[in-house]
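Let's go through this one the sceptical way: take each label, ask what earns it, and check it against its cut-off.

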Amino acid sequence: MGGAVGFVESPAQLLNVVEWVAATGADARIVILGPGEPVTRFQLHRLTDLVRRDGFDVQWAEVRGGPAQAARTLGRLVRLVRSADAIVLGDPYAAFSHILLTAAGARARLVVVDDGTATVRYAEQWASGAPLQRWHVAHRGVPHRVVGLRAEQLLGRRSDRVELFSAMPLSTELPVTANTYAWVRTRCGPPRITDGTDLMGTSLVETGVVAEEAYLTGIARLISQRAVARYLPHRHESADKLAAIEALGVRIVRPDLPMEVYARRGPIGHSILSFPSTVLHTLPLVLADTSVTIEALAVEDEWFSPSASTAEKAFVQSI
């Protein structure tokens, strides 16, 4: 086969592999390792339809239907990995990607594309040689599961096989190619801009870092003080929490595509407010030719849950 094969499990990962393919001109097949969460699947289907119309090779692979289905699907994908010149990963922490990496050829290069703020943590762990572990579980006593020593060696421990494709401000010895979101900017928009203010949601409550009651109190204050018209949830926010936010008098609008595509297609508020998130780095690129302003909101110290570690607090506040 040769060429490149990419593995993704979320809409943002799919978008960023598409951006990598568009930026490099690579001959690539993108494989979606089908997630179980309904909102994620919906956004992935919507984005898949969009990128296929532009000629990208995207296929689905269902791996979560039980051990037998996973084994059959991974066995088929191993053949793609074994012959690929480049393996592009949307998530360097994903167990299925680790399994597939055991088949990587001796000369295959590995490209890690942005998966939100996890990219910052990954670059730090690569440099320090620490075990690869997601930032919001690294300090909670959750056992680290290594899926094969080979994957750990290929992706971590200052491996010279890895390069990054990222829009994040990184200080790292890893080779980094800047993601400018050129495909999105060319393919979509410019958007219609409304008079209202949009507030980006966050899943910090769902990950246990921020206390829900404090978060809702802060949202109520923002709605009142900043005349927020719409709340755009993160895809992992719970239905109960969103119902409580809607009861505060703001319209809940679930984006049907990754925020970078959704904002570029519009309509979008003339002002976007966001807590620490990847979008603070990506939306200024996507909306650079518009009058939309993007403002970072701090997570107040009193918002953090009692179980939030010092390292977790520092990481959130550094984004």
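Contact here means heavy atoms within 4.5 Å. Keep in mind that this is a predicted model.

Q: Which residues is E163 in contact with, leaving aside its neighbours within four places in sequence?
A: E163, found in strand β6, is in contact with R109, L110, V111, V112 and P175.

Q: What makes the pairing of the E163 and R109 side chains a polar contact?
A: The distance is 3.1 Å, and the cut-off for a pair of N or O atoms is within 3.5 Å. So the E163 and R109 side chains are joined by a polar contact.

Q: Why is E9 called buried or exposed?
A: Buried means under 20% relative accessible area. E9 comes out at 15%, so it counts as buried. As for location, E9 is found in the loop between β1 (4-8) and α1 (11-24).

Q: What is E9 in contact with, leaving aside its neighbours within four places in sequence?
A: The list is L33, P35, T40, L44, R64, A94 and F96. With R64 there is also a polar contact, side chain to side chain, of 2.7 Å. That value sits within the 3.5 Å limit, so the label holds. V31 is 22 residues from E9 in sequence, while their C-alpha atoms are 8.7 Å apart in space.

Q: Why is strand β11 described as largely enclosed by the rest of the structure?
A: Count the residues: 6 of the 7 in β11 (residues 268-274) are buried, so the description follows.

Q: How do you know that β11 pairs with β8 and with β12?
A: Two strands pair if there are at least two bridges between them. β8 (residues 193-200) and β11 have 6 bridges and run parallel. Between β11 and β12 (residues 293-296) there are 4, again parallel. Both counts meet the cut-off, so both pairings stand. S274 of β11 appears in each: it is the bridge partner of M200, and its own partner in β12 is A296. The chain gets from β11 to β12 through helix α11 (residues 279-286), a β-α-β crossover that is right-handed.

Q: What makes β10 and β12 edge strands?
A: Each of them pairs on one side only. The open sheet has 5 strands in the order β10-β9-β8-β11-β12, with parallel pairing.

Q: How do you know that β9 and β10 are paired?
A: They are joined by 2 bridges, and the cut-off is at least two, so the pair qualifies. R230 has R251 of β10 as its bridge partner.

Q: What makes the phi values of R157 and Y181 worth a remark?
A: Each is a positive value in a residue other than glycine: phi of R157 is near 55 degrees, and phi of Y181 is near 60 degrees. R157 is found in the loop between α6 (149-155) and β6 (162-166), and Y181 lies in the loop between β7 (176-178) and α7.

Q: Why are R157 and Y181 given their accessibility labels?
A: The cut-offs are under 20% for buried and over 50% for exposed, with partly exposed in between. R157 has 47%, so it is partly exposed. Y181 has 2%, so it counts as buried.

Q: Where are the cis peptide bonds from G189 to P190 and from G266 to P267, and what are their omega values?
A: Omega is near 5 degrees for G189 to P190, with P190 in the loop between α7 (182-187) and β8. For G266 to P267, omega is near 0 degrees, and P267 lies in the loop between α10 (259-265) and β11.

Q: Which residues have the most contacts inside the largest nonpolar core?
A: This core has 43 residues, and the ones with the most contacts inside it are L14, W20, I30, L47, W183, M259 and V261. Its largest share, 6 residues, comes from α1. A second, separate core has 34 residues, including A108 and W126.

Q: How confident is the prediction, and where does pLDDT stay under 50?
A: The chain averages a pLDDT of 90, and 95% of the residues score at least 70. Residues 138-147 stay under 50. Where pLDDT is low, the predicted coordinates should not be read in detail.

Technical notes
Residues numbered from 1 in each chain as written. Predicted model: local features only at pLDDT ≥ 70, side-chain atom pairs only at ≥ 80, totals over all residues. Heavy atoms only, no water. Buried < 20%, exposed > 50% of the residue type's maximum accessible area, 1.4 Å probe, protein only. Right-handed = clockwise from strand over helix to strand, strands pointing away. Polar contact = N/O pair within 3.5 Å; in protein donor to acceptor, adjacent residues only side chain to side chain. pLDDT = per-residue confidence, 0-100. Core = buried A, V, L, I, M, F, W, Y, C linked by side-chain atoms within 4.5 Å.
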